[in-house]
Amino acid sequence: MAEKEKKNIGTCAYCGQTRVIETLGDFTQKELDRMATERCLCQGAQEEKRKKARKAKINEFIRKKFPHEKLAGEMLELIDAVEDDTFEEVTVKLYKDKIVKIWKDSDNFLHIRIKRTEDDELKA
Ligand SMILES: [Zn+2]
């Protein structure tokens, strides 16, 4: 037996606009409000969407570059600290030949640069 769609009302957290949300099963008001916010086109909701997308992009980059879970976590914390302006810029020296620099430019874009300080060289 298919569950019947329920009509609920959710409220955008930014502009207060309400909208009908159709769901299967029960959701808390908090969840419905989050869904309404995600679907809203107001400036605040769009800004949050952009922030989330940015966060996901940063997360993906870091997880790819630092497969070691603990190190990835540390890097993400440093990135947060640059994002919220706790630090203006962070430079971390890793594995003696790798340097990670994190900073924000004047347009508020976050930069993460991973630089190797030693060339790969073989003499045989
Ligand atoms: Zn809104």
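**A three-stranded sheet and its surroundings**

An open sheet of three strands, in the order S3-S4-S5 and with antiparallel pairing, provides the starting point. Strand S3 (89–94) and S5 stand at its edges with a single partner strand each, so one side of each has no neighbour in the sheet. From one strand to the next, the twist averages 15 degrees. Strands (E, at least two residues) and helices (H or I, at least four) are DSSP runs numbered from the N terminus, and two strands count as paired if DSSP finds at least two bridges between them. The model is predicted: local features need pLDDT of at least 70, side-chain atom pairs count only at pLDDT 80 or more, and totals for chains, interfaces and linings use all residues. Residues are numbered from 1 along each chain as its sequence is written.

S3 and S4 run antiparallel and are joined by six bridges; Lys93 stands opposite Ile99 in S4. Helix H3 (residues 69–83) packs on the sheet and touches S3, S4 and S5, its direction making about 30 degrees with that of S4. Here contact requires C-beta atoms, placed from the backbone, within 7 Å, while axes are lines fitted to C-alpha atoms, for helices over the stretch in contact, with angles from 0 to 180 degrees between N-to-C directions.

On the other side of the pairing scheme, strand S4 (residues 98–104) pairs with S5 in the antiparallel sense over seven bridges. Lys101 has Arg113 as its bridge partner in S5. The hairpin of S4 and S5 has five residues between the strands, and Asn108 takes a positive phi near 75 degrees there. None of the seven residues of strand S5 (residues 110–116) is buried, so this strand lies largely in the open. A residue is buried if 20 or more other C-beta atoms, placed from the backbone, lie within 10 Å of its own, exposed if 12 or fewer do, and partly exposed in between.

For the protein as a whole, the secondary structure comes to three helices and five strands, following the pattern β-β-α-α-α-β-β-β along the sequence. The domain assignment, an automatic or database one, gives domain 1 (6–41) and domain 2 (45–116). The C-alpha centres of domain 1 and domain 2 lie 32 Å apart.

The C-alpha trace spans about 70 × 40 × 20 Å along its principal axes. The radius of gyration is 21 Å, whereas a compact globule of 124 residues would have one near 14 Å; this quantity is taken over C-alpha atoms, and the globule rule is 2.2 Å times the number of residues to the power 0.38. Buried residues make up 8% of the 124 residues.

How values were computed
Contact = placed C-beta atoms within 7 Å.
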